[in-house]
Structures are given as structure tokens and as C-alpha cells.
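Grab a pencil and open the viewer. Below are some exercises, each with a solution worked step by step.

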Amino acid sequence: MDGSQDRALALHGGALVILFALQFVLPPYHHTNFTGIMVLATYGIGYNILIGYTGLLSLGHAMFFAAGLYAAGLTVHYFSIDPVSAFIFGAAAGLVFATAVGLVALRTAGVSFMIVTMMFSQACFLLILYFNDVTRGDEGIVLSEAARQVGSFSLIDPNVRYNLALALFAGALILCFILIRSRVGRVLVAIRENEDRVKMLGYHTFRYKLLALALSGLLSGAAGAAYALLFGYVGATFASIEYSIYVLLWVLLGGSGTILGPIVGALLMFYLVEWTSEVTESYRIVVGAALVLLTLFFPKGVLGTLREKRLRWLP
Amino acid sequence: MSLGPHLLLALMEGTVAAFVLALTALGLALVFGVMRIVNVAHGEFFMLGAVFAWAFAHLAGSPALGFLAATIASPIIVGGAALAIDRLILRRFNYQPEATIVATIGLLYIIQQLVLIFYGPDARSVEPPINFRIQLPWFGYSGYKVVVAGVAALLLLATWYGIARTKLGLVMRATQFDSETAQAFGIPVDRVYAAVFVLGAMLAAIAGVLIVPIKQAYYLMGLDPLLLSFIVVIIGGLGSLRGAVIAAFVIGISDGVISVFFSPNLSKILATLLVALVLVFRPEGLFGGKAR
């Protein structure tokens, strides 16, 4: 196991180093894309903790992303608090909200969990529209440049943004790495494989699932808060069902239950949609076809397939 | 209008909506009950029904005749599409629950995009095939809506009869109870699954056809019935047909009343809160048995 431990550390450390180095070579357009993709991949890592390692399929993660987005964005906009506190507040909002939802939604099992999370998420989306006076609904709020200033750093500066996004992504990656190597992580995987047996061994599976959901909400909320602060925009679109589906697609495409899967999936999907949008406006058909083809021919995703065929040690 | 008649109107609107919702949700509950899968593209079958109804009414010489043709043809076309989906996709991974969810989300996007390409982004309406108003002392009420409620009631009864009293229904229930034993007794489980999936899609499509003259046909119209059906099947208990129909009336009528007096968004938010309450006290839903 020691050899594989080293190789895994080297691979993930190497991935972070490559992402760091890329900022010096990427042209400005792709530079900004990568900043966004790293933030969204953090959201993906949060989602992956739930679907990939605990085996719970949620279709409502947009509500946790939006909780972070709005908690950070609205406090900056209305109360002019500094971005650092706003970020912490946003991440905490994701954590608290996910725990509250989990206390109710985890009472259901199997597919009901997916239905219930989807419903709650849609209710949150409608709530955002309902309180249009505060949230400005679909139109959203643009955060002023003055509000996005941390000390001498401005969050408008692309280099600052890139490195903050990288730091966020690295933090999520390390958290996920530690989690799945820990005892708790092994229990989560055991729940994914056979929950009844884990129960029989005397584990309180509800608590473990709630913990997984809370961590997942924390990372999703942190990603949402970072997105609001780095890109200066808060809008209801991010709470819509589409954003729950995209994250599912990224994780499945990259390989659910692999640490680097979310960023591989987010990268591939981002450039696939962009590349096809030169040919056709029909991004829905690309997303739809990707989902259907994945389930039919490629259920383990890119890294999952790699792990099965060659790299058995891939975490 | 004073409060009394206003409330009466809201109740009538809610009841009509509840009948349509019951049809849609029954399709979803039936598919889940027998096949243990959730069809996320269920709302798109509803939308396809509506869009084909518009197409028939528009293409035929007389809108009324075209619409009547659509009530038959549209569910058949949608049923055909569902059969193709079942054979080409769902059966290939053996109706595995998670894969089905992901694949049907994909289908949701594909169907929406196809409708967007061939039908366009506009919401279009169809003239009701019958045009009389029921004159109450306080307001006139569209006769077509009463017909919709009647037709939906007949279809609900027919579905119940089919499941409870016919050979096919018996076979379905046997498959639902224990598909492996059913298979061992020579029931073609595979074909039963296909039939159930097609029937569920057709119920949604008929609901879509019936709704077109009241609402408009629009390529994103499937999301609301899908979410309302989800709310209904969770409250009623996943897989329980009786629960789905009863919950459809509770949600449909209260949705109608709250939408008229407050806002449609608020009513959906409250319905979701109701789901949360039901889950706290009865995680398996009001009429659901313990999962086997």
C-alpha cells in the first residue's frame, strides 16, 4: 500500500503544480475559463463526496451552491462586509443548510432521496424568485468593484483570481484526499457498497451520511461563495435545476469516486460545449447525449475506467 | 367578485388541475411501482403530448377535428417514443435505478432540444374543441375545463379497472410484487416492463393533450408537472397508486387556491414544505408500505 500511497500523492501534487504553472502560459481567455472551472470543480468535489464515496444521488446540489453564492453575495452587497468574512459566511451557510436538509431528506432511502433533494432545491429556486426585491431574481446582482477588495489585492485582477481559485480547489482536493484515507471515509465507502451490512456491524449509518452531506454542502457552499466574490455576480440561474445536473454530469464524466474526476469532467464538458457551440447552438443536445452515452457505454467515467484498466491505486 | 364566488372559482380551477395532475402522477407512480425506476423525463412526455396536440390541431383543416385526432394519435406517438427509449436505452442496463435517472435526465435535455428545433421557442395555444360556457350566478366557467375533468376521471377509472380487474393488470401486479418469481412462473417480465413504461408515458401525454387548450404548448412546460408529480408521489408514498391519486387532489386543489389568492411560486414552496413535514412523520409517505 505504501508505494501506491506515494504514487497517489505524487499524482495529485503534480496535478496541482501543473494547474499552478498553467497560469503563466495560458492566454487570457483560457486563463479566465480555468479560474471558473477550478471553482466549479470544487463544487464537483463536494458533490463527489456524496455520490462517489457515499453512494447518495442528489439532484439538488444547486441549492447548496446557491446558499454559498447568496450568503456571500448578499452580505457583501447589502452590508458591505469584507470578502474574506463573506466567503467564510458563505461556506458556513452551505454547511448549515446541508445539515438541515439532510436531517429531513436522509430519512428517505434510494431514489426518494434524489426526488426530495430535487424538490427542495426547486423550492429554494422559487424562494429566490419570490423574494425578488432582495435577490433581484433572474436578473441578479452585480457586486461593485470597490466591495471586492481584500487588503491590497483586488478580486478583479485575473492573477489574484486564478490563484485564489487554485487555493480553493487545492483545499477541497486535500480535504477529500484526507477524508477518503480516514476511517470515516472507509465507512462512507462501505455504506455505498452495502449499507445494511454496515448497519449490522453497529455503525450509525445515518450520522455518517449526514456528515458526508454536511461536508458536501460545505464545499458546495464554499465554491458558490467564491464564485460570487471572484466573478462579482449573483443570480437565480445558479440555483436552477441545470446547475444540479451539470455537477452530476461533470462528476460522472470524470469518474465518480475519483478525486480528480470532477475537474477532469468539468474541463472536458466546458470545452466540449464550447467547441460544439461553434457548430450548433444546441447545448442541450450535447449535455443530453453526453448523459445518455455515459450511462450506456462509459458508466465509470474517464478516471474510473482508467482505474479499472490500469491504475488500480488511483484514489 | 366577493370572497365566496372567488373561492369557488379557485376550487374549481384547482379541481381541474388536480385531475390533470392525477393522470400525470399516476403514470409516474405506475412506472415506479412496477419497475422501481424514476423517470425524470416524465414531464417531457407531458410536453410532447401537448406539442403534438398543437401540431395536429394546426395541420388538420379544422382545429376541433385535429384536436380530437390528437387525443388519440398524440399518446400513441409518445407511447412509441417511450417504447423506443425502453428498448434502446433502459433495457440495456437492466433498469438499474441510478443509471435510469441519469439517462432520463439526458433524454429530458434531448427531447427539449428537439422540440426547440422543430417547434420553436414560442408558447402556442389551441382553440378548445368545444366552446360553451357554464353560466353560474357569479361568473361563467369554461365548459371545456369541465369536460377535461370528466375525461380525466374516466381515464383514472379505466386505469384502475385495468390494473385491478384484468389479466394484464394481474400480470403487472405480480411483477410489481416480485419480479423474479413472476419470471419463474412464465410471466414475460421484460414485456411487462415495456408495457408499463409505455402506459406511464401515454398517461402523461394524454394529460398534456388535455391541458393545451387551457394552457399553452411550450418546450419547457414539462418541468412543473414533473415536480408536482414528484411532490405527489412522495406524499402519497412511492409506488402507491391510490396514494398518488389522493395526494394529487390535495396538492392540485390547494395549488389552485393558493395560486389564485397568492402566487403560484408560493404554492409550490408550501407544497415542498408539506413534503418535508410528511417525511418527518412518515418517511415512507402517507400510503407507502415499507420498502422491500
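**Exercise 1.** Is B:Arg36 buried, partly exposed or exposed?

*Solution.* Start with the ground rules. This is a predicted model, where local features need pLDDT of at least 70, side-chain atom pairs count only at pLDDT 80 or more, and totals for chains, interfaces and linings use all residues. Residues are numbered from 1 along each chain as its sequence is written, chains are lettered from A and ligands numbered from 1 in written order, and side-chain values use heavy atoms, leaving out hydrogens and water.

Step 1: get the cut-offs straight: buried means under 20% relative accessible area, exposed over 50%, and partly exposed in between (1.4 Å probe, protein chains only).
Step 2: B:Arg36 has a relative accessible area of 39%, so call it partly exposed.
Step 3: place the residue. B:Arg36 sits in the loop between H1 and helix H2 (42-59) of chain B; helices here are DSSP runs of H or I with at least four residues, strands are E runs of at least two, and both are numbered from the N terminus.
Step 4: check the backbone. The phi of B:Arg36 is near 60°, which is positive in a residue other than glycine.

**Exercise 2.** Find where B:Asn94 lies and classify its exposure.

*Solution.* Step 1: B:Asn94 is in the loop between helix H3 (63-88) and helix H4 (97-118) of chain B.
Step 2: with a relative accessible area of 63%, B:Asn94 is exposed.
Step 3: look at phi as well: for B:Asn94 the value is near 60°, positive although the residue is not glycine.

**Exercise 3.** Work out how confident the predictor is, chain by chain.

*Solution.* Step 1: use pLDDT, the predictor's confidence in each residue, from 0 to 100.
Step 2: chain A has a mean of 84, with 98% of its residues at 70 or more.
Step 3: chain B averages 86, and 98% of the residues score at least 70.
Step 4: go down to the elements of chain A. Strand S2 (residues 149-150) has the lowest mean pLDDT, 72, and helix H10 (residues 205-231) the highest, 91. Where pLDDT is low, don't read the predicted coordinates in detail.
Step 5: for the model as a whole, note ipTM 0.82 and pTM 0.87.

**Exercise 4.** How many salt bridges are there over all chains? Take three of them apart.

*Solution.* Step 1: apply the rule: a side-chain nitrogen of Lys or Arg within 4 Å of a carboxyl oxygen of Asp or Glu. That gives eight over all chains.
Step 2: in chain A, A:Glu242 pairs with A:Arg284, with the closest N and O atoms 3.8 Å apart. A:Glu242 is in helix H11 (residues 241-254) and A:Arg284 in helix H13 (residues 283-297), so the bridge ties together parts 42 residues apart in sequence. A:Glu242 is partly exposed at 25%, while A:Arg284 is buried at 9%.
Step 3: over in chain B, B:Lys145 meets B:Glu13 at 2.7 Å, N to O. This pair links helix H5 (residues 143-165) with helix H1 (residues 3-35), 132 residues apart. B:Lys145 is buried at 16% relative accessibility, and B:Glu13 is partly exposed at 28%.
Step 4: B:Asp255 and B:Lys268 also form a bridge (3.6 Å, N to O). B:Asp255 belongs to helix H10 (residues 241-261) of chain B and B:Lys268 to helix H11 (residues 264-281) of chain B, so the pair joins parts 13 residues apart in sequence. B:Asp255 is buried at 14%, and B:Lys268 is buried at 13%.
Step 5: don't miss the network of salt bridges that links B:Asp86, B:Arg87, B:Arg91 and B:Asp190.

**Exercise 5.** Describe how helix H2 (residues 28-54) of chain A packs against H11(A).

*Solution.* Step 1: two packed helices are described by the angle and the distance between their axes. Axes are lines fitted to C-alpha atoms, for helices over the stretch in contact, with angles from 0 to 180 degrees between N-to-C directions.
Step 2: the two axes come within 9 Å and cross at roughly 80°.
Step 3: H2(A) and H11(A) are therefore roughly perpendicular (under 35 degrees is roughly parallel, over 145 roughly antiparallel, 65 to 115 roughly perpendicular, and the rest oblique).
Step 4: list contacts, meaning heavy atoms within 4.5 Å. H2(A) contributes residues including A:Leu40, A:Tyr43 and A:Tyr47, and H11(A) residues including A:Val247, A:Leu248 and A:Trp250.
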